[in-house]
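Here are a few short exercises to work through with the structure open beside you. Try each task before you read its solution.

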Amino acid sequence: MTLPDLTPYYGLIEEKLVGWLEISIKHLPNFVVSLFIVLFFSLLSRVLSKTFRTVLHKALESRQIADLLASIFKIIVMTVGIFVALDFMGLSGTVKSLLAGAGIVGLAIGFAFQDMTENLIAGIAMGIRKPFQIGDVIKADGVFGTVKAINLRNTLVENFYGQLDIVPNKVLFRNTLTNYNTTGERRVEIGVGISYADDIELASEVLVEAINKKDFIKNQEETAVYAESFGDSSINLLVWAWIDYPGHVGFMQARHELVVIINKTLKENDILIPFPIRTLDFGIKGGEKLNSMISNKTS
């Protein structure tokens, strides 16, 4: 059995290897420079990321958001260095392919984890804007309580029933949010009814005077009593008073004490808080008393 002559193939392989070697030697300086570029950007990304993280820790409430932004910044700087190095080696086509691939992958990930991404972006935005901080009392979309922790994807709120609500950040970011700590005060509103026979101006005067004697009432010139409406059995009044919030007296305690003082003050001034009154009118056309109807039936 005769073996085939492999000399031509050896020649082709040798020619190919020699060509690759020549190309490698030719591009060796560019490769070395590109390696130094990558190392330089690697060191630069670490230094800038550490500086950026220190600044963000001072500027942002959440350390998680600060660390995430610093890491993203580091990856961006490092990616720029890699692209510069590839372009320096003459691989501009590779750079374009990588950019296109990164865009497609990023789009796919965005669609696949849309909800998670939205919460993450909302958390970062709130960390920068700071609509509330840990310890603030907030209300938004049925959530009402004290902020206990702010994370990247959710916020922990302790409601006034003692439970911990885990609220997605997009809920707080999308909806109208009330922060009760922004102004440091809160208005207490209490409704009360007085009889039609009593003087509204007198009731307003004595109530404002009694309420302003409480030491937790602030902005006393704004304490007021308004005639709200005509009720079935009473003239309905609306009492307004301002308190510090949060303060040494809680909202529920302040409202309790105001209800007590309103009830006591009206009694002391002989102003009646009436029970519901119903007038019964008998007869087909009305105007007939019950006792006359009974007497007519028994006679």
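**Exercise 1. Decide whether Asp244 is buried, partly exposed or exposed, then find its salt-bridge partner.**

Step 1. In this predicted model, the relative accessibility of Asp244 is 33%. Buried would need a value under 20% and exposed one over 50%, so Asp244 counts as partly exposed.

Step 2. Now look for the partner: Asp244 forms a salt bridge with Lys218, and their closest N and O atoms are 3.1 Å apart.

Step 3. Place both residues in the fold. Asp244 belongs to strand 9 (residues 235–244) and Lys218 to strand 7, so this pair ties together parts 26 residues apart in sequence.

**Exercise 2. Work out which residues are joined with Asp244 into one network by salt bridges that share partners.**

Step 1. Start again from Lys218, which is partly exposed at 22% relative accessible area. Glu185 also forms a salt bridge with Lys218, with 3.2 Å between the closest N and O atoms.

Step 2. This pair links distant parts of the chain, as Glu185 is in strand 6 (residues 185–194) and Lys218 in strand 7 (residues 217–218), 33 residues apart. Glu185 is partly exposed too, with a relative accessible area of 23%.

Step 3. Put the two pairs together: Glu185, Lys218 and Asp244 form one network through shared partners.

**Exercise 3. Locate the two ends of the salt bridge between Glu257 and Lys214.**

Step 1. Check the distance: the closest N and O atoms of Glu257 and Lys214 are 3.5 Å apart.

Step 2. Glu257 sits in helix 7 (residues 251–268), while Lys214 is in the loop between helix 6 (200–211) and strand 7, so the bridge ties together parts that are 43 residues apart in sequence. Lys214 is partly exposed, at 25% relative accessible area.

Step 3. For the full tally, the count comes to six salt bridges.

**Exercise 4. Describe the second largest cavity and its lining.**

Step 1. Searching the whole structure gives two cavities of 30 Å³ or more. The second largest holds about 30 Å³ of space.

Step 2. Its lining consists of Phe216, Ile243, Asp244, Gly247, His248 and Val249. Sorted by type, these residues are three nonpolar, two polar and one charged.

**Exercise 5. Find the nonpolar surface patch that includes Phe36.**

Step 1. Phe36 lies in helix 1 (residues 7–59) and is exposed, with a relative accessible area of 56%.

Step 2. Together with Phe31, Val32, Leu35 and Leu39, Phe36 makes a nonpolar patch of about 480 Å².

Technical notes. Residues are numbered from 1 along each chain as its sequence is written. This is a predicted model: local features need pLDDT of at least 70, side-chain atom pairs count only at pLDDT 80 or more; totals for chains, interfaces and linings use all residues. Side-chain values use heavy atoms; hydrogens and water are left out. On a 1 Å grid over the protein atoms alone, a cavity is a set of points where a 1.4 Å probe fits but cannot get out, and a pocket is an open set with protein on both sides within 12 Å along at least five of seven lines; lining residues have an atom within 4 Å of a point. Grid points are joined across faces, edges and corners, and a volume is the space filled by probe spheres set on the points. Ala, Val, Leu, Ile, Met, Phe, Trp, Tyr, Cys and Pro count as nonpolar, Asp, Glu, Lys and Arg as charged, and the others, Gly among them, as polar. Patches are made of residues with over 30% relative accessible area and no salt bridge: like charges are joined within 9 Å, nonpolar side chains (Val, Leu, Ile, Met, Phe, Trp, Tyr) within 5 Å. Accessible areas come from the Shrake-Rupley method with a 1.4 Å probe; for residues, only the protein chains shown count as cover. A salt bridge is a side-chain nitrogen of Lys or Arg within 4 Å of a carboxyl oxygen of Asp or Glu. Helices (H or I, at least four residues) and strands (E, at least two) are DSSP runs, numbered from the N terminus. Buried means under 20% relative accessible area, exposed over 50%, partly exposed in between (1.4 Å probe, protein chains only).
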